[in-house]
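Reader: I should like to learn how the features of a model such as this one are to be read. Please give the general idea each time, and then the case at hand.

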Amino acid sequence: QNLKVWSNTTIKKIPVINYKTAKSNKKLLINWLKSLNSFGFAKINGCEKKTGTVIKIAKLFGYVRETNYGKWFNVKSKTNAVNLAYTNLGLQAHTDNPYRDPVPTIQILHCLKSSTKGGDSKVVDGFKAAILLKKQNQKYFDLLTKYCARFEYKGDEKTHLKSRRPMIELSPDGELL
């Protein structure tokens, strides 16, 4: 694994590729994907502003794992929302869908149109946070790796997802996952 921990002061360059370039230049696409794997996030620009474009992006390097939302998830502000994604509230740093098993791997976010001000994305390096916690307080780190939290999502009558996992997951040999 070529994991690179970062912060907003240490990351020099966010990996970025243009969609047309990604389609036509496999070498640049592979380099971009390597950066995505190392940093945990990357940008792609120059995409069509159409519903379903995320599927075209995903097909450049993989496949779509369909969920209860379908092949993609339209985020729109709704009254009586059952998910924070359906509100215009700002979100704190979080991990999406911890109630899924397996959890999402690569997620593609694509803004077609924003009806309100804001909407900036914030990205946090959870690996760096876990490493810092381990250095600063081994006891708390151990608690978050050894005891499971319960995660649950109840959507419509057909959707009830649950999982139990530690907040910080380690492989059997102690590697940070």
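Reader: Is Leu143 buried, partly exposed or exposed?

Author: Burial is read from relative accessible area: buried means under 20%, exposed over 50%, and partly exposed in between, with a 1.4 Å probe and protein chains only. Leu143 has a relative accessible area of 41%, and therefore counts as partly exposed. Leu143 lies in helix H5, residues 138-146; helices (H or I, at least four residues) and strands (E, at least two) are DSSP runs numbered from the N terminus. The model is a predicted one, in which local features need pLDDT of at least 70 and side-chain atom pairs count only at pLDDT 80 or more, while totals for chains, interfaces and linings use all residues. Residues are numbered from 1 along each chain as its sequence is written, and side-chain values use heavy atoms, with hydrogens and water left out.

Reader: Which residues make the nonpolar surface patch that includes Leu143?

Author: Patches are made of residues with over 30% relative accessible area and no salt bridge; like charges are joined within 9 Å, and nonpolar side chains (Val, Leu, Ile, Met, Phe, Trp, Tyr) within 5 Å. Here Leu143 is joined by Tyr140, Leu144, Tyr147 and Met167 in a nonpolar patch of about 540 Å². The areas come from the Shrake-Rupley method with a 1.4 Å probe; for residues, only the protein chains shown count as cover.

Reader: How many salt bridges are there, and which residues form them?

Author: Side chains of opposite charge can pair when their charged atoms come close. The rule asks for a side-chain nitrogen of Lys or Arg within 4 Å of a carboxyl oxygen of Asp or Glu, and by this rule there are four salt bridges. Among them, Glu48 pairs with Lys56, the closest N and O atoms being 2.8 Å apart, and with Lys50 at 3.9 Å, N to O. Another links Glu169 to Arg165 at 3.4 Å, N to O. Arg165 is buried, because its relative accessible area is 11%, whereas Glu169, at 33%, is partly exposed. Through shared partners, salt bridges join Glu48, Lys50 and Lys56 into one network. Within that network, Glu48 is partly exposed at 32% relative accessibility, as is Lys56 at 41%.

Reader: How many bridges join strand S3 to strand S4?

Author: Two strands pair if DSSP finds at least two bridges between them. Strand S3 (residues 148-154) and strand S4 (residues 160-166) run antiparallel and are joined by seven bridges. They form a hairpin, with five residues between them. Phe151 has Ser163 as its bridge partner in S4, and Tyr153 stands opposite Leu161.

Reader: Which residues of S3 lie on its covered face?

Author: In a regular strand the side chains alternate between the two faces of the sheet. In S3, the covered face holds Ala149, Phe151 and Tyr153, and the uncovered face holds Cys148, Arg150, Glu152 and Lys154.

Reader: Which residues make up the largest nonpolar core?

Author: A nonpolar core is a set of buried Ala, Val, Leu, Ile, Met, Phe, Trp, Tyr and Cys residues joined through side-chain atoms within 4.5 Å. The largest has eight residues: Ile17, Tyr19, Ala22, Leu29, Trp32, Cys47, Ile57 and Leu60. Helix H1 (19-24) and helix H2 (26-39) each supply at least two residues of this core. Contact means heavy atoms within 4.5 Å; leaving out residues up to four places away in sequence, Leu60 touches Tyr19, Ala22, Lys23, Leu29 and Ile44.

Reader: Is Ser38 buried or exposed, and what does it contact?

Author: Ser38, placed in helix H2, has a relative accessible area of 3% and is therefore buried. Apart from neighbours within four places in sequence, Ser38 is in contact with Asn2, Leu3 and Lys4.

Reader: How many helices and strands does the protein chain have?

Author: The protein chain has five helices and four strands, in the order β-α-α-β-α-α-α-β-β from the N terminus on. Of its 177 residues, 24% count as buried.
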